[in-house]
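The following exercises concern burial, strand pairing and helix packing in one protein. Please work through each task with the sequence and coordinates at hand before reading its solution.

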Amino acid sequence: MASLDIYFLDVGQGDGTFIICPDGTTILVDLGSKKNGHIAGKDAITTIKGLMKGKKIDHLFVTHGDGDHYNLIPELVNSHGFSFGKVYHSGPTSDYNRDMQGVIASSSSTSFHDQAHSSEKKPLLKIGSASNQVDIFLLSANYPSEDDSDKNAKSICLMLVYGSLKAILMGDAEAETEDFIMDNFSKAFLKADVLKLAHHGADSTNQESWLNVVQPRIVSASADQKWGHPYANTIDRVLKGKRLANIYQHDIVAGSYDASTKDYDWEVLSITEAILTNLYEITGSMGSYWNASGVAYVVQLGDDGSLSVGDTLNNISPWF
Ligand SMILES: [Zn+2]
């Protein structure tokens, strides 16, 4: 059955999330920071090329104008011949460097109005149809305004909904952005399985009130420890979520969700193919759970909602 595949790419201290919808539609949310991945030297662009059949990505979201969210995109276009069907960005175009301004100018692009967001009943995008439909909701963009000096707060924040799976991608959103989202969406709506933590797991955001609402089972921090991300205080707050199992460590990969079977499978690639880093299963126990050398944490969500480590996972070792 068709699945929704979400790849948290290994870009070190940066963000890059590549999504393949069940109908084949491709979405890239940010691509910036380290060229070479931590694992086997495979870079994020090579990974995307391996996952794509062609060179046109249907939707590109650039969450905000910080280089660690877009600095690899001009290379993807200029050196590798990729193009985008539609580009969405936040903040004024002047937030971006000249190369990225060129990418935006050459594509059909959309910048959202101040404090833009979807309603719960009307997603920004509906991708696919009927049983394989993925809805993409805009949780926030340009908060509080396009011209505000805080680029992070303006981040485009998205929620993907496929069947009963929800995944939230927060860019570098600030605590006030989280408040804005909670003001505009119900708690029930915002409860999600997967959360890409805001701002690489920074302590100044990812506030407890927000984590209590989202209650993620799996978080991605998309960080190395260059700036101390993710912060221990953040992970402490995440771990208070209580929807937790054990932490396991693995070298890999990507989440895939089949809405018809409700099978949430974390596919495992060989070490040379491994692309993910800094994906954390949330557990009830603390440990030295971050690893800057390209380690990801992988789980399966069973039909009954239970969390377990997948049968196909190799080289797993308990984390603590
Ligand atoms: Zn960032």
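**Exercise 1. A strand and its partners**

Task: Determine how far strand S3 (residues 26-31) is enclosed by the rest of the structure, and describe its pairing with S2 and S4.

Solution. In this predicted model, 6 of the 6 residues of strand S3 are buried, so the strand is largely enclosed by the rest of the structure. The cut-off applied in this step is 20 or more other C-beta atoms within 10 Å of the residue's own.

Next, consider the pairing. Strand S2 (residues 16-20) is antiparallel to S3, with 5 bridges between them. Within this pair, Gly 16 has Leu 31 of S3 as its bridge partner. The hairpin formed by S2 and S3 has 5 residues between the strands, and Gly 24 adopts a positive phi near 95° there.

Strand S4 (residues 56-62), in contrast, runs parallel to S3 and is joined to it by 3 bridges. Here His 59 in S4 stands opposite Ile 27.

**Exercise 2. The buried face of two helices**

Task: Identify the buried residues of helices H1 (residues 44-51) and H4 (residues 175-184), and state what packs against them.

Solution. Begin with H1, in which Ala 44, Ile 45, Thr 47 and Ile 48 are buried. These residues span an arc of only 160° around the axis, and therefore lie on the same side of H1. Their packing partners are S2, S3 and helix H2 (73-78).

Proceed to H4, where the buried residues are Thr 177, Glu 178, Phe 180 and Ile 181. Viewed down the axis of H4, they fall within an arc of 160°, so they line one face of the helix. The general basis is that an α-helix has 3.6 residues a turn, so residues three or four places apart point the same way. The elements covering the buried residues of H4 include strand S8 (134-140), strand S9 (157-162) and helix H6 (208-214).

**Exercise 3. The nonpolar core**

Task: Which residues touch the most other members of the largest nonpolar core?

Solution. The largest nonpolar core holds 71 residues, of which Leu 60, Ile 73, Cys 157 and Leu 158 touch the most other members. Take Cys 157 as the example: beyond its neighbours within four places in sequence, its contacts include Leu 139, Leu 169, Met 170 and Ala 173. Thr 177 and Ile 181 are also among the contacts of Cys 157, and both are buried residues of H4.

Finally, set this against the whole protein: 52% of its 320 residues count as buried. Of the contacts between residues at least 6 apart in sequence, 68% join residues at least 24 apart.

Definitions and conventions. Residues are numbered from 1 along each chain as its sequence is written. This is a predicted model: local features need pLDDT of at least 70, side-chain atom pairs count only at pLDDT 80 or more; totals for chains, interfaces and linings use all residues. A residue is buried if 20 or more other C-beta atoms lie within 10 Å of its own, exposed if 12 or fewer, and partly exposed in between; C-beta atoms are placed from the backbone. Helices (H or I, at least four residues) and strands (E, at least two) are DSSP runs, numbered from the N terminus. Two strands pair if DSSP finds at least two bridges between them. The arc is that of the directions from the helix axis to the C-beta atoms. Two residues are in contact if their C-beta atoms, placed from the backbone, lie within 7 Å. A nonpolar core is a set of buried Ala, Val, Leu, Ile, Met, Phe, Trp, Tyr and Cys residues joined through C-beta atoms within 7 Å.
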